[in-house]
Amino acid sequence: MKLKSQRILLSILILTGCATPQSRAPVVNSANAQIEAQKQREMVIEDYMTSYKKLQVVASKVVVSGVKLCGEKVAPYFGLSTWNQEAFQKEWRTAVQSKYGLTDSVHIANVASGSKSDIAGLKEGDIIVSIDEWITPTGKDAPAKVDEKLAQIGKYGTPVAFVVKRGG
């Protein structure tokens, strides 16, 4: 009987030892940490773009419907937004390259539904090669220069010719 109770007690102690929480830290190597950091950045960028697109839908409607209130102070509206990898800090560029294929060229980030850009067939991800034979610049200030060019061209109210590269 004593031997049987000792065995039961020993079995309980062994099972309890297996069931208690362990305090060992997981082993993380540098390569796995970098892969995980890259995945986390991609998720943050994707969440940012989802929120940005929702904001652009609302902003587009406000801009278009508010025209009547602006009188003669109306600026051209093409219904697109641009970006490139240079808009992001260096440690985020690999994530935007991987997730959205961004380079230092000017890419279309968003096209408002029903806008002139949408009607013309421009798509998210298109790379703007030229606008009315003006070669689109690359690098850090390129999206701002494209926006300036569109504002300048839009003042005349004439059709605008875009040359884009689609699908890589």
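**Close-up views of a predicted model**

**View 1. Here is the largest nonpolar core, a set of 12 residues.** Its members are F78, L80, V106, I108, V111, L122, I128, I131, A142, V146, L150 and I153. Three elements each supply two or more of them: β2 (107–111), β3 (127–131) and α6 (142–154). The top contributor is α6, which puts in four residues. Keep in mind that you're looking at a predicted model.

**View 2. This one zooms in on I153, a member of the largest core.** Which residues does I153 touch once its neighbours within four places in sequence are set aside? They are I131, D132 and V160. One of these, I131, belongs to the largest nonpolar core too. There's also another core, lying apart from the largest one. That other core has eight residues, including I45, A95, V96 and L102.

**View 3. Now for a charged pair: E46 and K99 form a salt bridge.** Overall, the structure holds four salt bridges. In this one, the closest N and O atoms are 3.5 Å apart. So what does the pair tie together? E46 sits in helix α2 (residues 30–65) and K99 in helix α4 (residues 90–100), so the bridge connects parts that are 53 residues apart in sequence. How open are the two partners? E46 is partly exposed, with a relative accessible area of 36%, and K99 is partly exposed as well, at 36%.

**View 4. K53 and E124 make another salt bridge.** Here the closest N and O atoms are 2.7 Å apart. The two residues come from distant parts of the chain, 71 residues apart. K53 is in helix α2, while E124 is in the loop between α5 (116–120) and β3. If α2 sounds familiar, that's the helix that holds E46. Is K53 buried, exposed or partly exposed? With a relative accessibility of 25%, K53 counts as partly exposed. Its partner E124 is partly exposed too, with a relative accessible area of 40%.

**View 5. Last up is the salt bridge where the side chains of E86 and R93 meet.** The N to O distance here is 3.4 Å. What about exposure? E86 is partly exposed, with a relative accessible area of 22%. R93 is partly exposed too, and its relative accessible area is 22%. Buried would mean under 20%, so at 22% E86 doesn't count as buried, and at 22% R93 doesn't either.

Definitions and conventions: Residues numbered from 1 in each chain as written. Predicted model: local features only at pLDDT ≥ 70, side-chain atom pairs only at ≥ 80, totals over all residues. Heavy atoms only, no water. Core = buried A, V, L, I, M, F, W, Y, C linked by side-chain atoms within 4.5 Å. Buried < 20%, exposed > 50% of the residue type's maximum accessible area, 1.4 Å probe, protein only. Contact = heavy atoms within 4.5 Å.
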